[in-house]
Amino acid sequence: MKNRKQRVELMAHLISNRCIGSQEELAKLLADEGFPVTQATLSRDLKMLKTTKIPTDRGGYMYILPDSNSLRDKLLARGQIKMNANYQSGFISLTISKNVAVIKTRNGYAAGLAYDIDMSNTPEILGTIPGSDTIFAILREDVTHDKAMAIFSRLLPLDNKLYNI
């Protein structure tokens with residue numbers, strides 16, 4: 001019997017490289033590779049990998065893995081490194097209205113980008129609410145539009161992208 005580490009590594013590889021829409025589909029792929037699993041084991045492994053199911057443009061769903069690195073997250077939270085504006089490639093546009101910023105992303109990228117924004121510990125951003133392709137970022141009430149743009153220019157690749165104030 002093959003070990004859990006190998007199975008989980010294979011799961012991560014399959015999820016990263018294929019459009020897998022159900023546990024049954026993933027279980028079959030694992031079994032084909034010599035890793036038969038029960039539904040309960042598969043659920044535990046998916047939870048451990050922190051997978052998310054997102055809608056696809058074809059009306060179905062697919063699993064994705066979080067795009068995070070725990071060491072990078074810890075350094076971001078401590079302010080020891082700055083978020084690289086080119087790190088998140090899914091950014092499309094930014095619109096700011098009063099104290100709410102609406103950030104559009106490619107489908108499936110919102111959660112990862114919202115997480116990065118939250119981990120930046122920027123005091124002017126109270127928090128984010130991600131969907132599949134949209135993020136609502138709530139700003140402190142005293143943040144001006146110019147200040148908001150300065151903040152988001154550090155967090156998002158705003159050059160050559162759409163933004164509205």
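Biologist: In this predicted model, are helix 2 and helix 3 roughly parallel or roughly perpendicular to each other?

Modeller: Helix 2 covers residues 23-32 and helix 3 covers residues 39-48; they pack at an angle of about 100°, with their axes 11 Å apart. Angles of 65 to 115 degrees count as roughly perpendicular. The two helices are therefore roughly perpendicular to each other.

Biologist: How many nonpolar residues does the contact of helix 2 with helix 3 have?

Modeller: Helix 2 contributes Gln-23, Leu-26, Ala-27 and Leu-30, while helix 3 contributes Gln-39, Leu-42, Ser-43 and Leu-46. Sorted by class, this contact has no charged residues, three polar ones and, for the class asked about, five nonpolar.

Biologist: Which helix supplies the largest share of the largest nonpolar core?

Modeller: That core has 21 residues, and Leu-94, Ile-96, Ile-103, Ile-125, Phe-152 and Leu-156 touch the most other members. At least two residues each come from strand 3 (91-97), strand 4 (100-105), helix 5 (110-119), strand 6 (134-139) and helix 6 (145-155). The largest share, five residues, comes from helix 6.

Biologist: How many residues are in the other core, the one with Val-8 and Tyr-63 among them?

Modeller: This core lies apart from the largest one, and its members include Ile-15 and Leu-26 as well. Leu-26 also takes part in the contact between helix 2 and helix 3. The number of residues in this other core is 15.

Biologist: Over which residues is the pLDDT below 50?

Modeller: The protein averages a pLDDT of 82, and 79% of the residues score at least 70. One stretch, which has 14 contacts in the model beyond near neighbours in sequence, falls below 50: residues 84-88.

How values were computed:
Residues are numbered from 1 along each chain as its sequence is written. This is a predicted model: local features need pLDDT of at least 70, side-chain atom pairs count only at pLDDT 80 or more; totals for chains, interfaces and linings use all residues. Side-chain values use heavy atoms; hydrogens and water are left out. A nonpolar core is a set of buried Ala, Val, Leu, Ile, Met, Phe, Trp, Tyr and Cys residues joined through side-chain atoms within 4.5 Å. Buried means under 20% relative accessible area, exposed over 50%, partly exposed in between (1.4 Å probe, protein chains only). Helices (H or I, at least four residues) and strands (E, at least two) are DSSP runs, numbered from the N terminus. pLDDT is the predictor's confidence in each residue, from 0 to 100. Contact means heavy atoms within 4.5 Å. Axes are lines fitted to C-alpha atoms, for helices over the stretch in contact, and angles run from 0 to 180 degrees between N-to-C directions. Angles under 35 degrees count as roughly parallel, over 145 as roughly antiparallel, 65 to 115 as roughly perpendicular and the rest as oblique. Ala, Val, Leu, Ile, Met, Phe, Trp, Tyr, Cys and Pro count as nonpolar, Asp, Glu, Lys and Arg as charged, and the others, Gly among them, as polar.
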